[in-house]
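Thanks for coming. I will put one structure up and walk through a few places in it.

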Amino acid sequence: MERNEQLERNAEETLDNINKKTGRNMPQAIATGAALVILILACLLISIDLFVALIVVFMILALWELRVDFATVGLHIPVVMLWVCSSVTLFATYYSPYHLEAAALCVLMSLMLVSLAATAKLSFGNRLSLAVAGKLSQTEAGARLESSFNHDGGEQWHSRLSHVAVSILTVLYIPLLASCIVISLPGEHPVAHAIMLVFLPALSDTGGLFAGAWLGKHKLSPRISPKKSWEGLAGSMLFAMVGAFAVFFCTYDADVWATRWWVPIVAGVLVGAVGTFGDLCASMIKRDLGLKDMGHLLKGHGGVMDRVDSILMSAPFMCALLWVTGL
């Protein structure tokens, strides 16, 4: 009995140490990650159209999280207009025979419409106030006190140009980068392309997480993200590379392997480096806003934005790699 209790205590201590090193509740993170993998694979196997619809749903959730995050410091983005413009952008990009042209036109129109809507600063109901209050309750006391949302005037602290600027950033960050995922889907191997664009960055994050937790000693950028390490970056690249080789092995024939065997290596390095850069960019935004996580919708992962930042940042590079190599 005592031996079993000691083993349980040792296991709890080990898990606590891992949670502290990774900054996450690992059992929750693993369970949520497994559920997301099953959901995405199910959509891919049923229909690519359903997968595109799933991307739109995740994008809508991410835009709401950004609306709440920016509101904690009194910045306004027109989330309803962003939902409409972003959904139209992704569906038009996928269903139009001219994918790149449709994406470019829709993004330009979105920039104009969202910029105009940002100057109005309209808000409906008290859902946003409740979401911001819940968000601030999870932050440090100093950040809660400094938040302009808690002061009279709120969004009046910022000029209209500031609201327009963050709205433009949101368009460039989410619908523009997400359209790169959709552009890569039409072709002979849409499932393989989707897996590389979505799962390689996720696999890279996993590799960086475990390599950083077990081997991380040399900090990558301690001021921006104290938990990132060079060992974690190497693990990110290695895991992404292994995943890319697995996808290639299951998808392409010997002729492709003979001439483009190097593509998985390049893909692994690209995804590992760019995905880590995307995480650091998100960490910079979080630090500027005084927040721990970008969102709160995914247990163990923070929010949708915490999961898709590396995917979004890697998308244009993977899209370009697939196009250049003719895959």
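**From a strand to the helices**

I start at Lys 219, which is found in strand E1, residues 219–221. Please keep in mind that this is a predicted model. Is Lys 219 buried, exposed or something in between? It counts as partly exposed, because its relative accessibility is 46%, and the window for that class lies between 20% and 50%. Along the chain, Lys 219 and Glu 231 are 12 residues apart, and their C-alpha atoms are separated by 8.5 Å.

Now the overall picture. The protein has 14 helices and 2 strands. Of its 327 residues, 48% are buried. The exposed area comes to about 16,500 Å², and carbon and sulfur atoms supply 68% of that area. Taking contacts between residues at least 6 apart in sequence, 73% join residues at least 24 apart.

Next, a covered helix. Helix H9 runs over residues 175–183, and 7 of its 9 residues are buried. The buried ones are Pro 175, Leu 177, Ala 178, Ser 179, Cys 180, Ile 181 and Val 182.

Let me stay with Ile 181, which lies in helix H9. Ile 181 counts as buried because its relative accessibility is 5%, and the cut-off for buried is under 20%. What does Ile 181 touch, once neighbours within four places in sequence are set aside? The contacts are Ile 55, Leu 197, Ile 311 and Ala 315. For Ile 55, the C-alpha separation from Ile 181 is 9.0 Å, with their positions 126 residues apart along the chain counted as the distance apart.

Another buried position is Ser 204, found in helix H10, residues 190–215. With 2% relative accessibility, Ser 204 counts as buried. Leaving aside neighbours within four places in sequence, Ser 204 is in contact with Ser 236, Ala 240, Val 271 and Gly 272.

Now a pair of helices. Two packed helices are described by the angle between their axes and the distance between the axes. Helix H4, residues 79–95, and helix H5, residues 99–120, pack at an angle of about 175°, and their axes are 8 Å apart. H4 is therefore roughly antiparallel to H5, since angles over 145 degrees are put in that class. Which residues of H4 take part in the meeting with H5? On the H4 side they are Met 81, Leu 82, Cys 85, Val 88, Thr 89, Ala 92, Thr 93 and Tyr 94. On the H5 side they are His 99, Ala 102, Ala 103, Cys 106, Val 107, Ser 110, Leu 113, Val 114 and Ala 117. As a reminder, an α-helix has 3.6 residues a turn, so residues three or four places apart point the same way.

One residue of H4 comes up again with Val 57. The place of Val 57 is in helix H3, residues 48–71. Its relative accessibility is 43%, so Val 57 counts as partly exposed. The C-alpha atoms of Val 57 and Ser 87 are separated by 8.8 Å, and the two residues are 30 apart along the chain.

Last, the surface. Which residues make the nonpolar surface patch of about 420 Å²? They are Trp 261, Trp 262, Ile 265, Val 266 and Val 269. Val 269 lies in helix H13, residues 263–289. At 37% relative accessibility, Val 269 counts as partly exposed.

That is where I stop.

How values were computed. Residues numbered from 1 in each chain as written. Predicted model: local features only at pLDDT ≥ 70, side-chain atom pairs only at ≥ 80, totals over all residues. Heavy atoms only, no water. Helix = DSSP H or I, 4+ residues; strand = E, 2+ residues; numbered from the N terminus. Buried < 20%, exposed > 50% of the residue type's maximum accessible area, 1.4 Å probe, protein only. Contact = heavy atoms within 4.5 Å. Areas by Shrake-Rupley, 256 points an atom, 1.4 Å probe, with all protein chains shown as cover. Patch = residues over 30% accessible without salt bridge, like charges linked within 9 Å, V, L, I, M, F, W, Y side chains within 5 Å. Salt bridge = Lys/Arg side-chain N within 4 Å of Asp/Glu carboxyl O. Axes fitted to C-alpha atoms, helices over the stretch in contact; angles between N-to-C directions. Parallel < 35°, antiparallel > 145°, perpendicular 65-115°, else oblique.
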